[in-house]
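Welcome! Take a moment to look over the sequence and turn the 3D view around, then read on for a short tour.

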Amino acid sequence: MARPRLPFEFLVALRFLREGRMQTALILLGVTGGVAVIVFLSQLIAQLQSTIIDRVLGSQAHVVVRPLEEVNLRARTDPASTAVIEPRAQRLRSIDQWEAIVKLAEEQPGVVAVSPVVSGPAFALRGRASKSVALLGIEPDRYRRIVKMDTYMVRGKFQVEGTNAIIGTELAKDLGVTVGDKVFLRAAGGRDELLQVTGLFDIGNKDLNRRWVFTTMKLAQSLLDLPGGVSNIDITVTDIFDASEVAARLQAGSGMTVDSWMTTNSQLLAALRNQSVSNNLIRSFVIIIVALGISSVLVVSVVQKQKEIGILRAMGTSSNRIMGVFLLQGALVGFVGALSGVGLAWALLQIFSTIYRTGDGAPIFEPQLDTGIALSAAGIALAVGVLAALIPARRAAKMDPVQAIRA
Amino acid sequence: MTDAAGKPGIISMRGLRKSYGVGTPVETEVLHGIDADLAEGEFCALIGPSGSGKSTLLNLVGLLEPPTAGELSVAGQSTTGLNEQALTVLRGRHIGFVFQFHHLLPAFTALENVMMPAIIAHGVATAQDEAVAHDLLARVGLSSHEYKKAGQLSGGQQQRVAIARALSLSPRLILADEPTGNLDTHTADDIFALLREFNRERGSACLIVTHDPRLAARCDRRIELVDGRLAASTSVAEPA
């Protein structure tokens, strides 16, 4: 077909880009590189962060409700008398009205799962071995939504009833037991019980593998002398970075002590935030550089195309449409550069994920491209292309046709 | 607007002045009040020595730049006070340009160049536009060169494409700035003959800036500019 099918602005913009082959290739390369850096970096950091967070939060609730600490108060408030108030030893206590607080927590927006837990210190005994452990009385169906125990189970199922217990692989080794064997558990108050090991877990943390002993809530309550009570309530939230807000709301609603992972891991959080800030900084600079690149190439192109602009104007093209032609060139460069940039980022992710592996050979990050990141990078490239073309386009539009034709 | 013969004029100039560098110490007036008309379908040469203001006058008439003072009407419409948009529309609808250095768009083929005024006017090329462009290129004898890029054509061929392009929307007025200026005599004659042919056939008025007295003599009328003033307006007897 001889007749060009494209509308005027597209037709001219594409021909101009095609005519300035070298310039177009260079600037496309620039945009491609920029988009690739942004996408690759964002993806990498997002994945590394989520890996770190997963590891930290893999064995930890996002939000934990605990009873208020007990404090000693002075009976007499005589200002003249001074007294040293010793901090009070905190005994194991139940959360007041915990059923109501569980209900309250479940009603909070952004809360995924709520699990009441009865936990306290105990000793696991077998023969002459005696190990200090943390006894955790749980409802498996609720607790597996806090910590993904099912994925950590080495033997048996994450299911407790009666006097069954699930222990970590390290504790099993220390006590020389396995599934089916019995372990004697003595709580700090002297209450004891003979438990049957029905499952082993490996949570990826030796310390926890050595310390955690799961039983039913009822058993833990009787061993720890907390009849009908729970010592803390674990909560999972949808967006982990909303945890502190959820915690604050719950604290206001329940009057209990409510901590989020963000306060217990404030150092980690600060590190993650710094990483995000530096990522944003790099992104901003890359965007600025890409924008300057597009802009300068188009400025040159406007000068080179002076004559053509003049001819088009003489043939009845309004200055607005001339502007449109150059804005479109910016948009096209941005769009095509974004496509190839996302492609390059994808390739980089494939390559780097095979190069960088953890000690056990698993990739540090998955070579997956997040559609959100890719789309937003493409959107940014498009917008940057148009914005960068603004100055050259206005220059082209303002060009005096007579001068342009004479040039 | 009517001329002596009572026909409505395509161009009417009244006291047209043009100064450059207005408001600066180097302000220079190039045109000192031009009164002239061009009748519909008239074939007119604009002659005069270099620097006499011929090109400037052509640019004013072509609505490429505004006069400093005076009244200019094109196709019966006064251009005083029209904004850029309105001037662009007026120019696109009624005026076709043929420049000295043919000024084709190098990124486009001969056919596309001829279609360009239609693409600009219609937004996108229609089948009708294509048919017209084929027809025009056939008329200027370039059917076999339709798909060549502008740069692959000789000077005379390029100028013929430029004429075809100027005619693509059948404008009522064709402005040609030394259309044969850099062509050899033989080619120049061809180009001139082509313009004349289209003028007769389609009734487009032509205003042709030329240095060549031989060609000027073959026009209906000559307007002569000297130092930015109208020196003479001579009707030439129609050659037999």
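## A strand with neighbours on both sides

Let's begin in chain B, keeping in mind that this is a predicted model. In strand β9(B), the residue B:R222 is the bridge partner of B:A45. Another bridge into β9(B) links B:C44 with B:R221. Both belong to a wider pairing: β3 (residues 43-47) and β9 (residues 221-226) of chain B run parallel, with 4 bridges between them.

Strand β3(B) has another parallel partner, β8 (residues 205-209) of chain B, again with 4 bridges. Here you can find B:L46 standing opposite B:V209 of β8(B). Strands of a sheet pair through backbone hydrogen bonds, and the pairing can be parallel or antiparallel.

How many residues of β3(B) are buried? The count is 5 of its 5 residues, so β3(B) is described as mostly covered. In a regular strand, side chains alternate between the two faces of the sheet. You can follow this along β3(B): B:F43, B:A45 and B:I47 point one way, while B:C44 and B:L46 point the other way, and all are buried.

## Round the hairpin

Now follow β9(B) onwards. It pairs with β10 (residues 229-235) of chain B in the antiparallel sense, over 6 bridges. One of these contacts brings back a residue you have met, as B:R222 has B:T234 in β10(B) as its bridge partner.

Together, β9(B) and β10(B) make a hairpin with 2 residues between the strands. In the turn, look for B:D227, whose phi is positive at about 50 degrees.

## An open sheet in chain B

Chain B also holds an open sheet of 4 strands, ordered β2-β1-β4-β5, with antiparallel pairing. Which strands lie at its edges? They are β2 (28-39) and β5 (77-78) of chain B, each of which pairs on one side only.

Inside that order, β1 (residues 9-20) and β4 (residues 69-74) of chain B run antiparallel and are joined by 5 bridges. As an example, B:S12 has B:S73 in β4(B) as its bridge partner.

## A helix in chain A

Over in chain A, helix α9 (residues 243-254) offers a neat check of length. With 12 residues at 1.5 Å a residue, it should span 16 Å, and its end C-alpha atoms are 16 Å apart, which agrees.

Which residues of α9(A) are buried? They are A:A243, A:V246, A:A247, A:L250 and A:S254. These residues sit on the same side of α9(A), because they cover an arc of only 100 degrees around the axis. What they pack against is a mixture of strands and helices of chain A: β1 (63-66), α3 (98-107), β2 (111-126), β9 (232-237), β10 (257-260) and α10 (261-264). Just after the helix comes A:G255, with a positive phi of about 80 degrees.

## Where the chains meet

Finally, let's put the two chains together. In chain A, 23 residues are in contact with 27 residues of chain B. On the side of chain A that touches chain B, the elements giving two or more residues are α1 (8-19), α12 (306-314) and α15 (401-406) of chain A. Of these, α1(A) gives the most, with 6 residues. By type, the residues on this side of chain A divide into 13 nonpolar, 4 polar and 6 charged.

Key. Residues numbered from 1 in each chain as written. Chains lettered and ligands numbered in written order. Predicted model: local features only at pLDDT ≥ 70, side-chain atom pairs only at ≥ 80, totals over all residues. Expected span 1.5 Å × (residues − 1). Buried ≥ 20, exposed ≤ 12 C-beta atoms within 10 Å, placed from the backbone. Arc of directions from axis to C-beta. Contact = placed C-beta atoms within 7 Å. Nonpolar A, V, L, I, M, F, W, Y, C, P; charged D, E, K, R; others polar. Pairing = 2+ DSSP bridges.
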